[in-house]
Each structure stands twice: as structure tokens, then as C-alpha cells.
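Visitor: Please show me the model, and then let me ask about the way its strands and its nonpolar residues are arranged.

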Amino acid sequence: MPKKKDETKEVEAWVSPEVVDQPKQEEPPKEKKSARQITWACFVSFVWLFVLLFVIDIVSKTVVKNNMAYGETVTLIENFLHIHYTVNDGMAWGIDTNNDLANQIIFSSISIIAAIIIIVVYCVRYKHLNKFVKATLMVILAGCIGNMVDRLFYSAEYLSAPTRGVVDFISFQFGNYYFPTFNVADSCLVIGVIMLIIWLFVDEYKTNKREKEEKAARKKAKEEAMMASAQDSPVEGETSGNSGDVPIKTGPSSEEGSQDETPRDQ
């Protein structure tokens, strides 16, 4: 009896091959990236640029706060560059709502929303972004988060200032005019926005140029197709004009035929 069962299984397997469990094909092992490839991938991501700028911003603010009194000024270049410790409870370049709580809520929210948008765009569109745009987004992100940390975590007591806000210390003088005091994060925001504007103009120029080239190529191809069709079409008068020149074979005339006929016996 066991032999018969084995025979029936063999017959079923021969009739329907699906019954037999086919061995699963092993997936080819994924190639491990080398240290050089990993280093290059980290470099082109420009995350390191964000970390570098963010650290520079935080360290520079901490050094100024720990070594200078609020409102103190140190001249680096006479009548040009100064280090002036101040706290801005508004936005960059002295934009203010004249309300400390409103400043913290509004400008902190703006920084958080901008940072989230940049991170989402960077992660979702990473493979479609060129290196210049990646670097631009990381520079802007460093500026957003750098100032956001000041607004969220630095109190007035910690800053030894009359109000909480963002630490500013870079001051330029042009004659009798003093440019608004700013910090590294503000510089990142301004430089990042300028980079973004440059990229938009360059991308628009390349897009217009590519569209013009494609339009010219389509026009040229259309003209070539029309010329080719004109050459392939038959010329008037050449359709069946040569048919009359072909000699027509005719049978012998009746006279010739009568001469060639053999005389009948009379």
C-alpha cells in the first residue's frame, strides 16, 4: 500500500508540476559599500555643512556670552568691525513686535515651521536635488535652528540680559552708520536665501534654453520630413507617359499573309 501512494504522488507531480515544491531562488547578496563610497555619500549630502555651521553659531554665541558683559563692545577693526554683545528679542535685522511673548511665539513658530519644511523637502526630494540645492538647504537649516535654540532655551537670566532672545554680536560700521548687529545664524539665512535665488535664476535660464533648443530641433525635424516627403512624391508627367513609347507587336498584314500562303492545287 505505501508503494501505491508513492506512485500516485509521482504521477500527480508529473501531471501538475505546481505540486512539487520548487526551491526558492536565493537573492543575490547586496554589495557592501566601501568606506570611500560612504564618505563620499556623506559629503554630497552636505549634512556635515549643517552640523559645522550650527556648531560655529552655538560656540560663538557662548564665547561672547561668557566673556563679555551685556552691551559691551570690542573693536576688531577701527571704524569698521566690532564685537558688540546684545540680545535681540525680535527677528533678524531688528524686526520686532514690541511684545516679548508675541516675539517668542511668532518667531519661534516661524523657525520651527521653516525647519520642518526644509527637512521634509530634503528627505523626500533628496535623489532629485543637485549638490548646490542640498548645500543651500543645509545652510538655511543651520540658520533656522541656530536662532530657534536661542529663543526656546536661553532665558534672560542665562544671557545676563534684560530680556530673552537671540544673541547678536557682529557689528559693522561704515562711517557714522552702524549696520544692525547679527550673528552666524543670521548670516547663514541671508547667504542661503541668496544661494537659493541664484539657483532659481540659473535653473530658469537653463529651462528656457532647453525649451528653445527642443523647439528648434522639432522645427528642423518637421522641415526635413516635409522635404523628404516632397522628394518621394512622383513628378507630374512621369506617371504613365512612357507607355506610348513601348513598341507594340502586331500580327502580319493580310497581304503578307496571302503571299506566304502556299498555292492550292487547282
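Guide: The questions below go from the sheet to the core and then to the surface. This is a predicted model, in which local features need pLDDT of at least 70 and side-chain atom pairs count only at pLDDT 80 or more, while totals for chains, interfaces and linings use all residues. Residues are numbered from 1 along each chain as its sequence is written, and side-chain values use heavy atoms, with hydrogens and water left out.

Visitor: In what order do the four strands of the open sheet lie?
Guide: Strands are DSSP runs of E with at least two residues, and helices are runs of H or I with at least four, both numbered from the N terminus; two strands pair if DSSP finds at least two bridges between them. Four bridges join β1 to β2, six bridges link β2 and β3, and two bridges link β3 and β4. The pairing is antiparallel, and the order is β1-β2-β3-β4.

Visitor: Which residue of β3 stands opposite Leu81?
Guide: Strand β2 covers residues 81–88, and β3 covers residues 166–174. These two strands pair in the antiparallel sense, and the residue opposite Leu81 is Phe172.

Visitor: Why is β3 described as largely enclosed by the rest of the structure?
Guide: A residue is buried under 20% relative accessible area, exposed over 50% and partly exposed in between, with a 1.4 Å probe and protein chains only. Strand β3 is largely enclosed because, of its nine residues, the number buried is seven.

Visitor: Which element gives the most residues to the largest nonpolar core?
Guide: A nonpolar core is a set of buried Ala, Val, Leu, Ile, Met, Phe, Trp, Tyr and Cys residues joined through side-chain atoms within 4.5 Å. The largest one here has 36 residues, and among those that touch the most other members are Tyr85 and Phe169. Elements that give two or more residues include β2, β3 and α5 (131–153). With 12 residues, the element that gives the most is α5.

Visitor: Is Val74 buried, partly exposed or exposed?
Guide: Val74 is found in strand β1, an edge strand that pairs on one side only, and Val74 stands opposite Ile83 in β2. Its relative accessibility is 33%, so Val74 counts as partly exposed.
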